[in-house]
2 protein chains.
Amino acid sequence: MSSTKDIDALIDLMAKMPGLGPRSARRAVLHLIRKRSLLLTPLADIMQVVAETARECLNCGNVGTTDVCDLCTSNERANGEICVIESVADLWAMERSNVFKGRYHVLGGTLSALDAVGPQELRIPRLLDRVETEEVTEVILALNATIDGQTTAHYIADQLEGRVLLTSLAQGVPIGGELDYLDDGTISAALRARKSL
Amino acid sequence: MSSTKDIDALIDLMAKMPGLGPRSARRAVLHLIRKRSLLLTPLADIMQVVAETARECLNCGNVGTTDVCDLCTSNERANGEICVIESVADLWAMERSNVFKGRYHVLGGTLSALDAVGPQELRIPRLLDRVETEEVTEVILALNATIDGQTTAHYIADQLEGRVLLTSLAQGVPIGGELDYLDDGTISAALRARKSL
């Protein structure tokens, strides 16, 4: 392909990243080589650092570079509220909305009988521990509105019932959403949860 | 965004790659961290190597890890034919077709009055040198079929006229192409260059 095995090896690895195929990997590698000091060298350095230091937070399952992540140790965040999400990507999405100022708990997936994922495979026992030890008053179940996500939410709700206030994200029309493009389930959920103006 | 500045820095740099935006960069970084030993560490290592060793071939302008690239030094390639292309990406595309077995010459762009790109900014003087010194018999102008590409091809043809056999890539219907989807220019070029069966 190219004339040098190192460059070919870089292209092959880049092509394994989500969102890049062989063609876009070649384009990206040429771009990286052109922008060597601005992009390629810093990228190599920071990848090395992240490869050595990235780990799961022992408390909440977030990705960070310390044993307990910044969100768990921060003094600026309220104790007492835990927001339960499926994945780190979901945690980052919640953080971008910049509304929730409590703590998080990343499950690392959803319960799934088909894939043999039980509560022990997820971070559910740790969540139950945290509710006991951290004086939690509210658990917000921010799981995806999929069947697996909602099954998992129900399981956790069963485990925690009576011990803590349980809430879930509101369901309805997304901001900027047009009714014509929404599925029936969303519309009926929005209608059932209608509010007076 | 995330909770750690190193991971954020990695996401920011990844988002500067062609084909990736902020959202896909976040997805890619989570994937890289999950596949640390399989993907992230090797990628960091090979990027370091390429950042330190990648350079332009002094002879033909190809990207490689030596002063003169493998294609220029290979004994298995014929001297006497030089294929002129605009960019390294075009050279790689030619190599994938696996038909041409001569030498290459990468111009590094096209002539452009608007962008003040003259022959000196491209690798054109070096091409004229090579035609003199390498006993070249044929120069294949494989420039893009764009206005700038064809202008550059004409300029080079003027410079080399009478000194060497000049050829260009055939124009016509691409393999697998459907007439209905082709532009008028391609169809009229294919019709003018029609061949008897």
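**Exercise 1. Work out how chain B is placed relative to chain A, and which residue of chain B comes closest to the rotation axis.**

Solution. Chain B is superposed on chain A by a rotation of 179° with a shift of 0.1 Å along the axis, at an RMSD of 0.2 Å, where the copies are fitted by least squares on the C-alpha atoms of residues with pLDDT of at least 70 in both. The two copies are thus related as by a two-fold rotation axis. Within chain B, the residue that comes closest to this axis is B:A44, whose C-alpha lies at 2.3 Å. As for the interface, 100% of the interface residues of chain B are also interface residues in chain A, so the copies meet through the same surface.

The model is predicted, so local features need pLDDT of at least 70 and side-chain atom pairs count only at pLDDT 80 or more, whereas totals for chains, interfaces and linings use all residues. Residues are numbered from 1 along each chain as its sequence is written, chains are lettered from A and ligands numbered from 1 in the order in which they are written, and side-chain values use heavy atoms, with hydrogens and water left out.

**Exercise 2. Determine how far helix α1 of chain A is covered, and what its buried residues pack against.**

Solution. Start with the element itself: α1 of chain A spans residues 5-14, helices being DSSP runs of H or I with at least four residues and strands being runs of E with at least two, numbered from the N terminus. Seven of the 10 residues of this helix are buried, where buried means under 20% relative accessible area, exposed means over 50% and partly exposed is in between, with a 1.4 Å probe and protein chains only. The buried residues are A:D6, A:I7, A:D8, A:L10, A:I11, A:L13 and A:M14. Next, look for their partners: they pack against α2 (22-34) of chain A and, from chain B, against α3 (36-53), β2 (63-64) and α5 (88-97).

**Exercise 3. Find which salt bridges are made by A:D6, B:K5 and B:R55, and state how buried or exposed each partner is.**

Solution. A salt bridge here is a side-chain nitrogen of Lys or Arg within 4 Å of a carboxyl oxygen of Asp or Glu, and the whole structure holds 12 of them over all chains. In chain A, the side chain of A:D6 pairs with that of A:K5 at 3.6 Å, N to O; A:D6 is buried at 18% relative accessible area, whereas A:K5 is exposed at 67%. In chain B, B:K5 and B:D6 form a salt bridge with their closest N and O atoms 3.5 Å apart, and here B:K5 is exposed at 66% while B:D6 is buried at 17%.

Turning to B:R55, its salt bridge is with B:D67, at 3.0 Å between the closest N and O atoms. B:R55 lies in strand β1 (residues 55-56) of chain B and B:D67 in the loop between β2 and α4 of chain B, so the pair ties together parts that are 12 residues apart in sequence. Both partners count as partly exposed, B:R55 at 32% relative accessibility and B:D67 at 42%.

**Exercise 4. Describe the surroundings of B:R77 and of B:V106.**

Solution. B:R77 is found in the loop between α4 (70-73) and β3 (81-85) of chain B, and it is buried, with a relative accessible area of 10%. Its side chain makes a polar contact of 3.0 Å with that of B:E95, a polar contact being a pair of N or O atoms within 3.5 Å, of which, within protein, one must be able to donate a hydrogen and the other to accept it, while residues adjacent in sequence count only if both atoms are side-chain atoms. Leaving out residues up to four places away in sequence, B:R77 touches several residues, including B:L71, B:F100 and B:Y104, contact meaning heavy atoms within 4.5 Å.

B:V106, by comparison, belongs to strand β4 of chain B and is buried at 2% relative accessible area. Beyond its neighbours within four places in sequence, B:V106 is in contact with residues among them B:C60, B:I85, B:L91 and B:R123.

**Exercise 5. Locate A:N98 and B:A116, and say what sign phi has in each.**

Solution. A:N98 has a positive phi, near 60°, although it is a residue other than glycine, and it sits in the loop between α5 (88-97) and β4 (103-106) of chain A. In chain B, B:A116, which is not a glycine either, has a positive phi of about 55° and is found in the loop between β4 (103-106) and α6 (124-133). A:N98 counts as exposed at 52% relative accessibility, and B:A116 is exposed at 59%.
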